[in-house]
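Here is a short tour of one protein model for anyone who likes to look at packing and backbone geometry together. Have the viewer open and follow along at your own pace.

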Amino acid sequence: MTIAVSQHPVRVRIAPSPTGDPHVGTAYIGLFCAAFAQRYGGQFILRLEDTDQKRSTRLSEDAIYRSLRWVGLQWHEGPDIGGPCGPYRQSERSTIYRQHCELLLANHSAYRCFCSAERLDQVRADQRSRKETARYDGFCRNLSAEQIQQQCDLGQAHVIRLKMPTEGDTVVPDALRGAVVYDNRQIDDQVLLKSDGLPTYHLANVVDDHLMGITHVIRAEEWLNSTPKHLHLYAAFGWQHPVFIHMPLLRNADKSKISKRKNPTSLEFYQRCGILPEAMLNFLGLMGYSRKDETGADVEKFTFAEMAADLDLERISLGGPVFDLEKLRWINGLYLRAFSPEQLADRALSWYREDDRAATIAALVQERVPELGDFMHHASPFYRGTLDYGLNARFLLVGAAAKKKTAVRLGAAGSLALFEDLIRQLEGLNAWTPSHVEECVRQAIATTPAGLGDGMMAVRVAVCGRPASPPLFESIIAIGRATVLVRLRQVCAMLADSNFMTDAIAATQRELDASRAALLAAEAPPVTPSSSAP
RNA sequence: GCCCCGUUAGUCUAGCGGUCAGGACACGGCCCUCUCAAGGCUGGGACAGGAGUUCAAUUCUCCUACGGGGCACCA
């Protein structure tokens, strides 16, 4: 199957939703979009899918721009730079969606639905108990005009649903998979307009892609199953649909869809621990894709321009690639070693200088630095990714501050609960300030038997890797949410391991034994040759 | 439960009917070496299983198994 590229200019887009830390998956899809656009001399558009009012934040939006710029992706149109098809923020396009919904209502390809959430839950539960596909039962599909008017007059809140065909098949032409066939009876009458008047992804996505002239939809495989709905939307509007290219999903080591629980997924995390943007992009370009030179030999190190120059999306392999930190680090090292010493020094310095936390961190560390040489020692927890936790750190993590008589042992289970609680709170925080963080930490500790001191120490060690650090809340702010959460999750994973302490104790014991053996050997008289050779 | 997608070593991948199944990360060994890296050489390790199609299947078809995704007034 060949990916059709018509005479029209290629236009592709990424459409992240600003609901959290900027995700490696966004950069992954963005990379292939941008490279595809470049390959065919088209445009690459950034659009914000912020129709979920509850979860979208400005904080996240800005972080997306920053991180995407950091990896080196450049968009031709977007909310921050404008363009001919704006606005590029879906929350600013509400009237467009509503107007289009009216169109669908008028031509009977959509209908108003007054069902309550409770009824829908009940319907779904019944269907599942009968082992059927859970889908809307069409209760409001055939309401009479009078019934609808009556409900509307009552001011009854309602949504607008797409009227899907009840029989036949829908064939999704996927550029990488060929024709994927769906039984229409499996497909829901999707909600297009929520009762708050905002569109769902499905509506907004189709309307925007059409209005913005998107020719190729390159998106993650998780969207494949909703493509039939999109196809019917295009048809209902009388529009031609774009070419669909569903990329494989990035995976955790256990092959599940990549998640922050099991992997650092935030681009900010990688930026702050010193992964080079070109290395990150290169690594992502290796996920599901490969390049070779004229001789047919595999090429693993390549720039964005090189990748774009001969990009062939049909070479994408569909098995979900595991996002392997080990290999990322290797590639990063490859780039680092390829620099001249001057370049390396330069990059290291600018990495530090361009970090907007430099002054903040300097302020935190200042009092603790008698000589400049101590600076990096104290600052290093702010610039690293994951941390190592030695024996002493592990003792402190479980709240065993041995020197204090009042110390409370939380134990592995207790501190696990503490950290999980803290993670939840920090995730939900929409203001990243020391006082907000302080409140979270205090609350989390308050639910445990530990005193503030022991609890704070446990948190400090988890976040900084050591018992001595600048003021905790300011440190947490400066380290950054993404990295703090990665560390806390790492600690949770450690605590959940029953060998959490015994492994560390055994390792320390081995070291001691080795040292003692070496000492004894040095003091013992030399072994006589005769004893070993009778 | 239902639907869809996928399946070459622990991991990323090459392969598009006939290959000694190639490369990379990781791992082991050796070399280099004041240490650690890096580098060089080298070793072990893969076509999920079963039916077909074919002179010939890793490659095509079907079934099974396993993995993943989807089934929201989230994207």
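The notes below go through the cores, some backbone features and the contact between two domains.

## Nonpolar cores

Please keep in mind that this is a predicted model. Its largest nonpolar core holds 60 residues, and the members that touch the most others are Phe-32, Phe-44, Ile-218, Tyr-270, Met-280, Leu-313 and Phe-323. Helix H1, spanning residues 24–39, is the top contributor to this core, giving 11 residues. Another core lies apart from it; this one has 51 residues, including Val-369, Leu-410, Phe-473 and Ile-476. As general background, nonpolar side chains tend to be buried together in soluble globular proteins.

Phe-44 is a good residue to select and inspect. Setting aside neighbours within four places in sequence, Phe-44 is in contact with Val-12, Arg-13, Ile-14, Gly-30, Cys-33, Ala-34, Ala-37, Leu-73, Gln-74, Trp-75, His-76 and Glu-77.

## Backbone features in loops

If you plot the torsions, begin with the peptide bond from Gly-86 to Pro-87, which is cis with omega near -5 degrees. Pro-87 sits in the loop that runs between helix H2 (58–71) and helix H3 (94–106).

Two residues deserve a look for their phi values. His-108 is not a glycine, yet its phi is positive, at about 65 degrees. His-108 belongs to the loop between H3 and strand E3 (110–113), and is exposed, with a relative accessible area of 58%. Lys-255, also a residue other than glycine, has a positive phi near 80 degrees. Lys-255 is in the loop between strand E9 (243–247) and helix H8 (267–272), and with a relative accessible area of 49% is partly exposed.

## Where the two domains meet

Chain A is divided into domain 1 (340–383) and domain 2 (391–501). Their C-alpha centres are 25 Å apart, and the contact takes 11 residues from domain 1 and 10 residues from domain 2. About 820 Å² is buried between domain 1 and domain 2, with 61% of that area given by carbon and sulfur atoms. On the domain 1 side, Leu-364, Pro-381 and Phe-382 lose the most area to domain 2, together 59% of what that side buries.

What about polar links? Across the interface of domain 1 and domain 2 there are zero salt bridges, but four residue pairs are in polar contact. Helix H13 (358–366) and helix H14 (375–383) are the elements that give two or more residues to the side of domain 1 touching domain 2. The largest share of that side comes from H14, with five residues.

Notes
Residues numbered from 1 in each chain as written. Chains lettered and ligands numbered in written order. Predicted model: local features only at pLDDT ≥ 70, side-chain atom pairs only at ≥ 80, totals over all residues. Heavy atoms only, no water. Core = buried A, V, L, I, M, F, W, Y, C linked by side-chain atoms within 4.5 Å. Buried < 20%, exposed > 50% of the residue type's maximum accessible area, 1.4 Å probe, protein only. Helix = DSSP H or I, 4+ residues; strand = E, 2+ residues; numbered from the N terminus. Contact = heavy atoms within 4.5 Å. Domains from an automatic or database assignment. Buried area = accessible area lost by both parts, 1.4 Å probe. Salt bridge = Lys/Arg side-chain N within 4 Å of Asp/Glu carboxyl O. Polar contact = N/O pair within 3.5 Å; in protein donor to acceptor, adjacent residues only side chain to side chain.
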